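Work through the exercises below with the model open beside you. Try each task before you read its solution.

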Amino acid sequence: PQAVAQYLHATPEMFDVVIMDEASQMRPEQAIGAIVRGKQLVVVGDPKQLPPTSFFSRMQTEDESQAAAVAEEAESILDLASSHFRPIRSLRWHYRSRHESLIAFSNKQFYDGKLIVFPSPFPRSRGLGVRSHYVRGAIYESQTNAREAAAVDDAVVDHILHTPDLSLGVVALNIRQRDLIAELLEERLKSVPGAAKYRDRWSDEGQDIFIKNLENVQGDERDTIVISTTYGPPPGAGRVHQNFGPISQEGGWRRLNVLFTRAKSSVLLITSMKHTDIVVGSGTPLGTKALRDYLLYAETGRLNHDLGQATGAQPESEFEVAVIKALQERGYDCVPQVG
(Lines give C-alpha, C1' and ligand atoms only; values in the text may rest on other atoms or scores of the structure.)
Protein backbone atom coordinates (compact mmCIF):
# COMPACT_ATOMS: atom_id res chain seq x y z
CA PRO A 1 0.00 0.00 0.00
CA GLN A 2 2.75 2.48 0.83
CA ALA A 3 4.51 1.87 -2.49
CA VAL A 4 1.29 2.56 -4.42
CA ALA A 5 0.98 5.94 -2.73
CA GLN A 6 4.67 6.73 -3.16
CA TYR A 7 5.34 5.71 -6.75
CA LEU A 8 2.07 5.78 -8.71
CA HIS A 9 0.20 8.85 -9.86
CA ALA A 10 -3.21 9.30 -8.27
CA THR A 11 -4.96 8.58 -11.55
CA PRO A 12 -8.45 7.06 -11.18
CA GLU A 13 -8.91 3.76 -13.04
CA MET A 14 -5.24 3.54 -13.98
CA PHE A 15 -5.52 -0.27 -14.03
CA ASP A 16 -8.19 -2.57 -15.45
CA VAL A 17 -7.90 -4.90 -12.46
CA VAL A 18 -6.48 -4.48 -8.93
CA ILE A 19 -5.86 -7.72 -6.98
CA MET A 20 -5.24 -7.60 -3.22
CA ASP A 21 -3.66 -10.65 -1.61
CA GLU A 22 -3.30 -11.37 2.14
CA ALA A 23 -6.25 -9.01 2.47
CA SER A 24 -7.01 -10.18 6.01
CA GLN A 25 -4.03 -8.12 7.20
CA MET A 26 -4.74 -4.92 5.27
CA ARG A 27 -6.78 -2.12 6.80
CA PRO A 28 -9.39 -0.41 4.59
CA GLU A 29 -7.59 2.94 4.86
CA GLN A 30 -4.42 1.32 3.52
CA ALA A 31 -6.30 -0.29 0.64
CA ILE A 32 -8.27 2.70 -0.61
CA GLY A 33 -5.35 4.22 -2.55
CA ALA A 34 -5.02 1.10 -4.66
CA ILE A 35 -8.77 0.61 -5.03
CA VAL A 36 -9.36 4.01 -6.64
CA ARG A 37 -6.66 3.28 -9.22
CA GLY A 38 -8.55 0.28 -10.66
CA LYS A 39 -11.72 -0.35 -12.65
CA GLN A 40 -12.25 -3.77 -11.06
CA LEU A 41 -11.24 -5.10 -7.65
CA VAL A 42 -10.44 -8.67 -6.57
CA VAL A 43 -9.88 -9.16 -2.84
CA VAL A 44 -8.21 -12.42 -1.76
CA GLY A 45 -7.59 -13.53 1.80
CA ASP A 46 -8.37 -15.99 4.55
CA PRO A 47 -10.74 -14.82 7.30
CA LYS A 48 -9.35 -17.63 9.48
CA GLN A 49 -5.90 -16.01 9.53
CA LEU A 50 -4.51 -12.88 11.14
CA PRO A 51 -6.43 -9.59 10.98
CA PRO A 52 -4.63 -6.23 11.07
CA THR A 53 -3.01 -6.20 14.49
CA SER A 54 -1.01 -3.75 16.58
CA PHE A 55 0.78 -4.71 19.77
CA PHE A 56 1.70 -3.01 22.98
CA SER A 57 3.01 -4.37 26.27
CA ARG A 58 1.63 -4.03 29.75
CA MET A 59 2.98 -5.35 33.02
CA GLN A 60 0.81 -7.90 34.75
CA THR A 61 0.07 -6.91 38.32
CA GLU A 62 0.21 -10.47 39.58
CA ASP A 63 3.73 -11.02 38.28
CA GLU A 64 5.73 -7.96 37.34
CA SER A 65 8.53 -10.05 35.86
CA GLN A 66 6.35 -11.07 32.93
CA ALA A 67 5.14 -8.75 30.18
CA ALA A 68 2.09 -9.82 28.20
CA ALA A 69 1.52 -8.86 24.59
CA VAL A 70 -1.96 -7.47 24.06
CA ALA A 71 -3.41 -7.36 20.57
CA GLU A 72 -5.77 -4.78 19.16
CA GLU A 73 -7.53 -6.26 16.15
CA ALA A 74 -9.06 -4.03 13.50
CA GLU A 75 -11.36 -4.50 10.53
CA SER A 76 -9.61 -5.52 7.33
CA ILE A 77 -10.39 -4.81 3.70
CA LEU A 78 -11.30 -8.51 3.53
CA ASP A 79 -13.96 -8.02 6.21
CA LEU A 80 -15.32 -5.00 4.38
CA ALA A 81 -15.33 -6.72 0.99
CA SER A 82 -16.97 -9.84 2.44
CA SER A 83 -19.87 -7.77 3.73
CA HIS A 84 -20.41 -5.97 0.39
CA PHE A 85 -19.39 -8.31 -2.44
CA ARG A 86 -21.63 -11.19 -3.51
CA PRO A 87 -21.17 -14.01 -4.07
CA ILE A 88 -18.11 -14.80 -1.97
CA ARG A 89 -16.04 -17.52 -3.63
CA SER A 90 -14.20 -20.03 -1.47
CA LEU A 91 -10.89 -21.49 -2.64
CA ARG A 92 -11.10 -25.02 -1.29
CA TRP A 93 -8.07 -26.69 -2.88
CA HIS A 94 -5.22 -26.96 -0.42
CA TYR A 95 -2.03 -27.08 -2.44
CA ARG A 96 0.79 -26.64 0.07
CA SER A 97 0.84 -29.78 2.21
CA ARG A 98 2.61 -32.79 0.74
CA HIS A 99 1.20 -34.90 3.56
CA GLU A 100 -2.41 -34.75 4.72
CA SER A 101 -1.42 -34.68 8.40
CA LEU A 102 0.00 -31.17 7.90
CA ILE A 103 -3.40 -29.69 7.15
CA ALA A 104 -5.71 -32.22 8.84
CA PHE A 105 -5.78 -30.38 12.19
CA SER A 106 -6.63 -26.95 10.76
CA ASN A 107 -9.06 -28.48 8.30
CA LYS A 108 -11.03 -29.99 11.17
CA GLN A 109 -10.62 -27.26 13.77
CA PHE A 110 -10.94 -24.11 11.69
CA TYR A 111 -12.30 -24.94 8.22
CA ASP A 112 -15.07 -27.39 9.19
CA GLY A 113 -13.50 -30.11 7.03
CA LYS A 114 -14.29 -28.18 3.83
CA LEU A 115 -10.75 -28.11 2.38
CA ILE A 116 -10.00 -30.61 -0.36
CA VAL A 117 -6.79 -32.34 0.69
CA PHE A 118 -4.69 -34.65 -1.45
CA PRO A 119 -3.72 -37.80 0.51
CA SER A 120 -0.08 -38.80 0.50
CA PRO A 121 0.89 -42.32 -0.61
CA PHE A 122 3.50 -42.38 2.18
CA PRO A 123 3.07 -42.67 5.97
CA ARG A 124 4.34 -40.11 8.42
CA SER A 125 8.13 -40.21 8.68
CA ARG A 126 11.14 -38.13 9.60
CA GLY A 127 10.70 -35.82 6.62
CA LEU A 128 6.95 -36.11 6.12
CA GLY A 129 4.03 -35.18 8.33
CA VAL A 130 3.75 -33.96 11.93
CA ARG A 131 6.10 -35.13 14.68
CA SER A 132 6.46 -34.18 18.33
CA HIS A 133 9.56 -34.08 20.56
CA TYR A 134 9.02 -33.65 24.30
CA VAL A 135 11.78 -31.84 26.24
CA ARG A 136 12.00 -33.21 29.77
CA GLY A 137 12.97 -30.99 32.68
CA ALA A 138 12.62 -27.72 30.78
CA ILE A 139 11.82 -24.50 32.65
CA TYR A 140 9.94 -21.46 31.38
CA GLU A 141 11.49 -18.39 32.99
CA SER A 142 11.63 -14.70 32.00
CA GLN A 143 9.62 -15.50 28.86
CA THR A 144 12.26 -17.94 27.59
CA ASN A 145 12.85 -21.68 27.73
CA ALA A 146 16.58 -22.36 27.47
CA ARG A 147 16.43 -26.15 27.33
CA GLU A 148 13.77 -26.06 24.63
CA ALA A 149 15.80 -23.51 22.64
CA ALA A 150 18.80 -25.84 22.77
CA ALA A 151 16.60 -28.72 21.53
CA VAL A 152 15.43 -26.55 18.62
CA ASP A 153 19.02 -25.76 17.69
CA ASP A 154 19.85 -29.48 17.84
CA ALA A 155 16.96 -30.12 15.45
CA VAL A 156 18.19 -27.45 13.05
CA VAL A 157 21.69 -28.93 13.00
CA ASP A 158 20.26 -32.41 12.47
CA HIS A 159 18.15 -31.09 9.60
CA ILE A 160 21.14 -29.46 7.89
CA LEU A 161 23.25 -32.61 8.21
CA HIS A 162 20.63 -35.18 7.19
CA THR A 163 17.99 -33.44 5.06
CA PRO A 164 19.82 -30.61 3.27
CA ASP A 165 17.46 -30.85 0.29
CA LEU A 166 14.60 -29.46 2.38
CA SER A 167 14.24 -25.77 3.25
CA LEU A 168 13.71 -24.84 6.90
CA GLY A 169 11.88 -22.35 9.07
CA VAL A 170 11.78 -22.00 12.87
CA VAL A 171 8.93 -20.41 14.81
CA ALA A 172 8.77 -19.60 18.53
CA LEU A 173 5.63 -18.51 20.34
CA ASN A 174 7.13 -15.26 21.61
CA ILE A 175 9.81 -12.75 20.66
CA ARG A 176 12.27 -13.47 23.49
CA GLN A 177 12.34 -17.19 22.71
CA ARG A 178 12.88 -16.38 19.04
CA ASP A 179 15.83 -14.14 19.93
CA LEU A 180 17.34 -16.79 22.22
CA ILE A 181 17.08 -19.48 19.54
CA ALA A 182 18.63 -17.17 16.94
CA GLU A 183 21.50 -16.18 19.22
CA LEU A 184 22.36 -19.75 20.21
CA LEU A 185 22.01 -21.03 16.66
CA GLU A 186 24.23 -18.38 15.10
CA GLU A 187 27.07 -19.46 17.38
CA ARG A 188 26.34 -23.16 16.96
CA LEU A 189 26.33 -23.16 13.16
CA LYS A 190 29.88 -21.76 13.01
CA SER A 191 31.15 -25.25 13.87
CA VAL A 192 28.67 -27.32 11.83
CA PRO A 193 30.15 -28.68 8.58
CA GLY A 194 28.06 -27.75 5.59
CA ALA A 195 25.99 -25.14 7.44
CA ALA A 196 27.29 -22.20 5.41
CA LYS A 197 26.74 -24.10 2.16
CA TYR A 198 23.19 -24.98 3.21
CA ARG A 199 22.35 -21.40 4.10
CA ASP A 200 23.84 -20.01 0.90
CA ARG A 201 22.01 -22.52 -1.27
CA TRP A 202 18.57 -21.80 0.17
CA SER A 203 19.23 -18.07 0.35
CA ASP A 204 19.99 -18.10 -3.39
CA GLU A 205 16.62 -19.80 -3.94
CA GLY A 206 14.81 -17.21 -1.83
CA GLN A 207 14.07 -19.81 0.85
CA ASP A 208 16.71 -19.01 3.47
CA ILE A 209 16.37 -20.27 7.05
CA PHE A 210 14.10 -17.99 9.03
CA ILE A 211 13.63 -17.75 12.78
CA LYS A 212 10.43 -15.87 13.57
CA ASN A 213 7.92 -15.35 16.32
CA LEU A 214 4.28 -16.29 15.98
CA GLU A 215 3.09 -12.89 14.80
CA ASN A 216 5.41 -12.57 11.80
CA VAL A 217 5.09 -15.89 9.99
CA GLN A 218 1.91 -15.36 7.93
CA GLY A 219 2.64 -15.72 4.22
CA ASP A 220 5.80 -17.78 4.75
CA GLU A 221 6.27 -21.41 3.78
CA ARG A 222 9.17 -23.87 4.01
CA ASP A 223 9.56 -27.61 3.48
CA THR A 224 10.11 -28.17 7.20
CA ILE A 225 8.89 -26.01 10.08
CA VAL A 226 10.32 -26.46 13.58
CA ILE A 227 8.05 -25.05 16.28
CA SER A 228 9.12 -24.14 19.80
CA THR A 229 5.98 -24.02 21.95
CA THR A 230 8.13 -22.08 24.44
CA TYR A 231 5.81 -22.26 27.45
CA GLY A 232 6.43 -24.79 30.21
CA PRO A 233 6.61 -25.20 33.98
CA PRO A 234 8.01 -22.18 35.86
CA PRO A 235 10.94 -22.61 38.28
CA GLY A 236 10.05 -24.65 41.34
CA ALA A 237 6.59 -25.59 40.08
CA GLY A 238 5.30 -28.65 38.32
CA ARG A 239 2.26 -27.02 36.77
CA VAL A 240 2.25 -24.87 33.66
CA HIS A 241 0.71 -21.41 34.02
CA GLN A 242 -2.44 -21.22 31.91
CA ASN A 243 -1.67 -17.89 30.23
CA PHE A 244 -0.15 -18.39 26.78
CA GLY A 245 0.31 -14.77 25.73
CA PRO A 246 -1.41 -13.73 22.47
CA ILE A 247 -2.73 -17.27 21.99
CA SER A 248 -4.94 -16.84 25.06
CA GLN A 249 -6.20 -13.46 23.84
CA GLU A 250 -9.21 -12.86 21.61
CA GLY A 251 -8.53 -14.37 18.20
CA GLY A 252 -5.51 -16.33 19.42
CA TRP A 253 -6.67 -19.38 17.46
CA ARG A 254 -6.04 -17.46 14.23
CA ARG A 255 -2.36 -17.17 15.10
CA LEU A 256 -2.15 -20.92 15.64
CA ASN A 257 -3.94 -21.60 12.36
CA VAL A 258 -1.29 -19.54 10.56
CA LEU A 259 1.50 -21.36 12.37
CA PHE A 260 0.18 -24.88 11.79
CA THR A 261 -0.15 -24.41 8.02
CA ARG A 262 3.31 -23.12 7.06
CA ALA A 263 5.01 -26.45 6.22
CA LYS A 264 5.10 -28.20 2.85
CA SER A 265 6.65 -31.50 3.99
CA SER A 266 6.96 -31.76 7.76
CA VAL A 267 6.41 -30.12 11.14
CA LEU A 268 8.58 -30.89 14.16
CA LEU A 269 6.90 -29.68 17.35
CA ILE A 270 9.41 -29.23 20.15
CA THR A 271 7.60 -28.73 23.41
CA SER A 272 7.99 -28.74 27.18
CA MET A 273 4.30 -29.48 27.66
CA LYS A 274 2.05 -32.47 27.32
CA HIS A 275 -1.53 -31.85 26.29
CA THR A 276 -2.55 -32.78 29.84
CA ASP A 277 -0.62 -29.73 31.14
CA ILE A 278 -3.26 -27.42 29.64
CA VAL A 279 -6.46 -27.30 31.68
CA VAL A 280 -9.57 -26.70 29.60
CA GLY A 281 -12.92 -25.62 30.99
CA SER A 282 -16.05 -23.82 29.82
CA GLY A 283 -14.34 -20.41 29.94
CA THR A 284 -11.08 -21.42 28.29
CA PRO A 285 -10.18 -19.24 25.25
CA LEU A 286 -10.39 -20.94 21.84
CA GLY A 287 -6.67 -20.37 21.26
CA THR A 288 -5.74 -22.20 24.45
CA LYS A 289 -8.03 -25.11 23.52
CA ALA A 290 -6.51 -25.26 20.04
CA LEU A 291 -2.99 -25.38 21.50
CA ARG A 292 -4.03 -28.24 23.81
CA ASP A 293 -5.64 -30.13 20.95
CA TYR A 294 -2.63 -29.68 18.66
CA LEU A 295 -0.29 -31.00 21.35
CA LEU A 296 -2.52 -34.08 21.56
CA TYR A 297 -2.56 -34.39 17.76
CA ALA A 298 1.23 -34.14 17.46
CA GLU A 299 1.72 -36.67 20.29
CA THR A 300 -0.83 -39.27 19.19
CA GLY A 301 -2.18 -38.43 15.74
CA ARG A 302 -5.66 -38.13 17.27
CA LEU A 303 -7.76 -35.23 16.01
CA ASN A 304 -10.51 -35.67 18.58
CA HIS A 305 -9.78 -34.90 22.20
CA ASP A 306 -13.24 -36.15 23.11
CA LEU A 307 -13.28 -39.94 22.79
CA GLY A 308 -17.02 -39.86 22.16
CA GLN A 309 -19.87 -41.54 23.99
CA ALA A 310 -21.11 -45.06 23.34
CA THR A 311 -24.63 -44.85 21.92
CA GLY A 312 -25.55 -48.45 22.72
CA ALA A 313 -26.65 -48.97 19.14
CA GLN A 314 -25.83 -52.14 17.22
CA PRO A 315 -23.64 -52.35 14.09
CA GLU A 316 -25.40 -51.03 11.00
CA SER A 317 -23.80 -53.26 8.38
CA GLU A 318 -22.15 -56.62 7.79
CA PHE A 319 -18.97 -54.73 6.97
CA GLU A 320 -18.94 -53.22 10.46
CA VAL A 321 -19.48 -56.67 11.98
CA ALA A 322 -16.58 -58.08 9.94
CA VAL A 323 -14.24 -55.28 11.08
CA ILE A 324 -15.21 -55.81 14.73
CA LYS A 325 -14.62 -59.54 14.43
CA ALA A 326 -11.19 -59.05 12.83
CA LEU A 327 -10.16 -56.63 15.58
CA GLN A 328 -11.46 -58.91 18.35
CA GLU A 329 -9.42 -61.80 16.95
CA ARG A 330 -6.37 -59.59 17.42
CA GLY A 331 -7.17 -58.92 21.08
CA TYR A 332 -9.01 -55.60 20.88
CA ASP A 333 -12.19 -54.72 22.76
CA CYS A 334 -14.69 -53.16 20.35
CA VAL A 335 -17.72 -50.94 20.93
CA PRO A 336 -19.89 -50.16 17.89
CA GLN A 337 -21.57 -46.84 17.10
CA VAL A 338 -19.49 -44.51 19.30
CA GLY A 339 -19.88 -40.76 18.84
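Helices (H or I, at least four residues) and strands (E, at least two) are DSSP runs, numbered from the N terminus. This is a predicted model, in which local features need pLDDT of at least 70 and side-chain atom pairs count only at pLDDT 80 or more, while totals for chains, interfaces and linings use all residues. Residues are numbered from 1 along each chain as its sequence is written, and side-chain values use heavy atoms, with hydrogens and water left out.

**Exercise 1. A loop residue**

Task: find T163 and decide whether T163 is buried or exposed.

Solution. Start with the place. T163 sits in the loop that links α5 (146-162) to β6 (168-172). Next, recall the cut-offs. Buried means under 20% relative accessible area, exposed over 50%, and partly exposed in between (1.4 Å probe, protein chains only). T163 has a relative accessible area of 18%, so T163 is buried. Now look for its partners. Contact means heavy atoms within 4.5 Å. Setting aside neighbours within four places in sequence, T163 contacts R126, D158 and Y198.

**Exercise 2. The whole chain**

Task: how many helices and strands does the protein chain have?

Solution. Count the elements: 10 helices and 9 strands. Then take the dimensions. The C-alpha trace spans about 75 × 55 × 50 Å along its principal axes. Of the 339 residues, 42% count as buried. Finally, check the contacts with a separation of 6 or more: residues 24 or more positions apart account for 72% of them.

**Exercise 3. The open sheet**

Task: in what order do the 5 strands of the open sheet lie?

Solution. First, fix the rule. Two strands pair if DSSP finds at least two bridges between them. Strands of a sheet pair through backbone hydrogen bonds, either parallel or antiparallel. Here the order is β5-β9-β8-β6-β7, and the pairing is parallel. The edge strands, each paired on one side only, are β5 (129-134) and β7 (210-213). From one strand to the next the twist averages 20°. This angle uses axes that are lines fitted to C-alpha atoms, for helices over the stretch in contact; angles run from 0 to 180 degrees between N-to-C directions.

**Exercise 4. Around β9**

Task: which strands and helices are found at β9, and how are they placed?

Solution. Take the strands first.

- β8 (residues 222-228) pairs with β9 (residues 263-271) in the parallel sense over 6 bridges.
- I227 stands opposite L269 in β9.
- β5 and β9 also pair in the parallel sense, over 6 bridges.
- S132 faces L269 in β9.
- I225 stands opposite V267 in β9.

Next, trace the link. The chain goes from β8 through helix α8 (residues 252-260) to β9, a right-handed β-α-β crossover. Right-handed means that, with the strands pointing away from the viewer, the path from the first strand over the helix to the second runs clockwise.

Then add the helices. Helix α4 (residues 101-109) lies across β5 and β9, at about 75° to β9. Helix α9 (residues 286-300) lies across β5 and β9 too, at about 100° to β5. Last, test the burial: 9 of the 9 residues of β9 are buried, and the strand is mostly covered.

**Exercise 5. The core and α8**

Task: why can α8 be called largely enclosed?

Solution. Count its residues. Of the 9 residues of α8, 8 are buried, so the helix is largely enclosed by the rest of the structure. Among them are W253, L256 and L259. Follow L259. Not counting residues up to four places away in sequence, L259 touches V171, L173, L214 and I227.

Now widen the view. A nonpolar core is a set of buried Ala, Val, Leu, Ile, Met, Phe, Trp, Tyr and Cys residues joined through side-chain atoms within 4.5 Å. The largest one has 36 residues, and F244, L259 and Y294 have the most contacts inside it. Two or more residues each come from α4, β8, α8, β9 and α9. The largest share, 6 residues, comes from α9.

**Exercise 6. Two sides of α7**

Task: where do the buried residues of α7 lie?

Solution. List them: A195, Y198 and W202 in helix α7 (residues 195-204). Seen down the axis, they fall within an arc of 65° (taken from the directions from the helix axis to the C-beta atoms), so they line one face of the helix. They pack against α5, β6 and β8. On the other side, A196, K197 and D204 are exposed. Just after α7, G206 takes a positive phi of about 75°.
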